[in-house]
Amino acid sequence: MVAGKDVCLRRLSKGDRALEVRFNRFLGNAKVTAERIIESWSEATVAAVEGRHVLAIQDTSEIHFNTTPRRRRELGEIGMGNNHGVLLHPMLAVDADNGACLGLLSGEVWTRKGRQTVSHDLRDLSDKESQRWIATALAAKPLLERAAMVTVLGDRESDIFALYASAAEQHFHIITRSMHDRKLADSSGLYAASDAMAPADRRAILLPARSRRSARPAHLELRFGAIALARPQSKFLRQLPKSLPLTIVDVRQINAGSAVEPLHWRLITSHPVAKTEDAWRIVDWYKQRWIIEQFFRVLKTQGFRLEDSQIGTADRLLKLVAIAAKAAVITIQLLQARHGSQQSVHVAFSASEVIALGVLNRQIEARTKRLKNPHPPDSLAWAAWIIGRLGGWDGYPSSKPPGPVTFKNGLQYFQAVATGWSLRDLCMP
């Protein structure tokens, strides 16, 4: 999948019907489960997080598969109920200091079994899909024991009082963008309290271009202060503390103009924020959430085209999504490594593949003696340099770094070489 940037079994098989049948048998095997595939996500990540401050970034994405009333493929409703598909909720480990993607940790993949008839407010958290924000963080906790610090980070959908309480109980930090104007312990409102805080600093930045927005300058104003969130008045939350001491960091765009929707983040965090530099650091950490958006783009229409899968049943689609998630994160890691990431090569390649990479590196350097791989051996950047060269990149520092297509071509070539390398000691009769 990484090499072909595709998940369609027919296209991956390249016309080999026997190979396509084997792929399908693998996905159809009852011993192969989406849960076990998700457990394997973290095999390389556990070692990579050691000694680091890890941002454990989680989010949910809906993956729409084309269906008809006669062929739903056992898929439940997504969106506003007018589409059918699968939901994926992964957690990525990211280095807080340099933004390096360390790999996948935990998550869930599911399809809805039916439409809920009981109101959201009348259901316990365990009976809501929003429980995934807490369950995923708890599942990741033992995988992050060797990290120096852990900050669970999510978008506005993770603005859940029970998640804040769980973070305090489990001794990890949290950063969440506020969705609700919550009540504070003194009965005042959260938004009124942040608006009343004195501005602490201002900065001019350039907002990068996004799919629906061109790059533009922005002037930001920063506020921050301690708060105590009051427990919501729900019978399902009575076992939680009556209030939680937290901090709000409010960053808003000023003088945006009437034609522009101003940027405004109200970030709730358990990190202590004593001075302006601390508050800006919280903002910088939250900006790393963009990595999981890139991950979803690679997984879907702008990458592996997961929506194009021709698999006929929900059970097999769930497994395919779990496998494709691993492939997508490897692609993100290779793209990051273009800029000299010092992550271990073992994050993305097996021990046998690393040996094959070393042989290829010596051959490439021998052909161009003036051009050497500038990265430390066994770093992911070292591997990315080799894969880029195999894909047609000239390797010169002055040249544009290799892009996704170049990596795709290089990985396709390397995949064939690595397969041959694995057979080098096979004794033929």
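Is S158 buried or exposed? I looked this up before anything else and found S158 buried, with a relative accessible area of 1%; buried here stands for under 20% relative accessible area, exposed for over 50%, and partly exposed for what lies in between, with a 1.4 Å probe and protein chains only.

Before going on, I noted that this is a predicted model, in which local features need pLDDT of at least 70 and side-chain atom pairs count only at pLDDT 80 or more, while totals for chains, interfaces and linings use all residues. Residues are numbered from 1 along each chain as its sequence is written, and side-chain values use heavy atoms, with hydrogens and water left out.

**Entry on S158**

I placed S158 in the loop between β6 and α6, where helices (H or I, at least four residues) and strands (E, at least two) are DSSP runs, numbered from the N terminus. Not counting residues up to four places away in sequence, I found S158 touching W133, L163, Y164 and T176, contact being heavy atoms within 4.5 Å. With T176 I also noted a polar contact from side chain to side chain, at 3.4 Å. A polar contact is a pair of N or O atoms within 3.5 Å; within protein, one must be able to donate a hydrogen and the other to accept it, and residues adjacent in sequence count only if both atoms are side-chain atoms.

**Entry on α5 and α6**

W133 led me to helix α5 (residues 132-140), whose buried residues are R132, W133, I134, T136, A137 and A140. I saw that these buried residues pack against β1 (53-58), β4 (83-95), β5 (101-110), β6 (149-154) and α6 (161-170).

For the pair α5 and α6, I noted axes that come within 9 Å and cross at roughly 15°; axes are lines fitted to C-alpha atoms, for helices over the stretch in contact, and angles run from 0 to 180 degrees between N-to-C directions. The two helices are therefore roughly parallel to each other, since angles under 35 degrees count as roughly parallel, over 145 as roughly antiparallel, 65 to 115 as roughly perpendicular and the rest as oblique. At this meeting I listed W133, I134 and L138 from α5, and A162, L163, S166 and Q170 from α6.

**Entry on I57**

In strand β1 I looked up I57, which is buried with a relative accessible area of 0%. Leaving aside neighbours within four places in sequence, I57 is in contact with P90, M91, L92, V94, L153, Q288, R289 and I292.

**Entry on the cores**

Which residues have the most contacts inside the largest nonpolar core? I found L88, F295 and F349 in that role, in a core of 88 residues, to which helix α10 (residues 314-337) gives the most, with 16 residues. A nonpolar core is a set of buried Ala, Val, Leu, Ile, Met, Phe, Trp, Tyr and Cys residues joined through side-chain atoms within 4.5 Å. Apart from this core I noted another, of 38 residues, among them A162, I227, L237 and L244. For L88, leaving aside neighbours within four places in sequence, the contacts include W41, I63, V109, F295, F296, L299, V321 and A325.

I227 also turned up when I checked T247 in strand β10 (residues 243-254), for T247 is in contact with G225, A226, I227, L267, I268, T269, H271 and V273, leaving aside neighbours within four places in sequence. At 9% relative accessibility, T247 counts as buried.

**Entry on α10 and α12**

I then followed α10 to helix α12 (residues 380-390), and found the two packing at an angle of about 90°, with their axes 8 Å apart; they are therefore roughly perpendicular to each other. Q333, L334 and A337 in α10 meet L380, A381 and A384 in α12.

In the loop between α11 (351-367) and α12 I noted D378, which has a positive phi of about 75° although it is not a glycine. D378 counts as partly exposed, at 39% relative accessibility.

**Entry on S187 and D195**

I found another positive phi, near 75°, at S187, which is also a residue other than glycine. S187 lies in the loop between β7 (173-177) and α7 and is exposed, with a relative accessible area of 57%.

In helix α7 (residues 190-196) I looked up D195, which counts as partly exposed at 37% relative accessibility. D195 touches R223, R252 and R266, not counting residues up to four places away in sequence.
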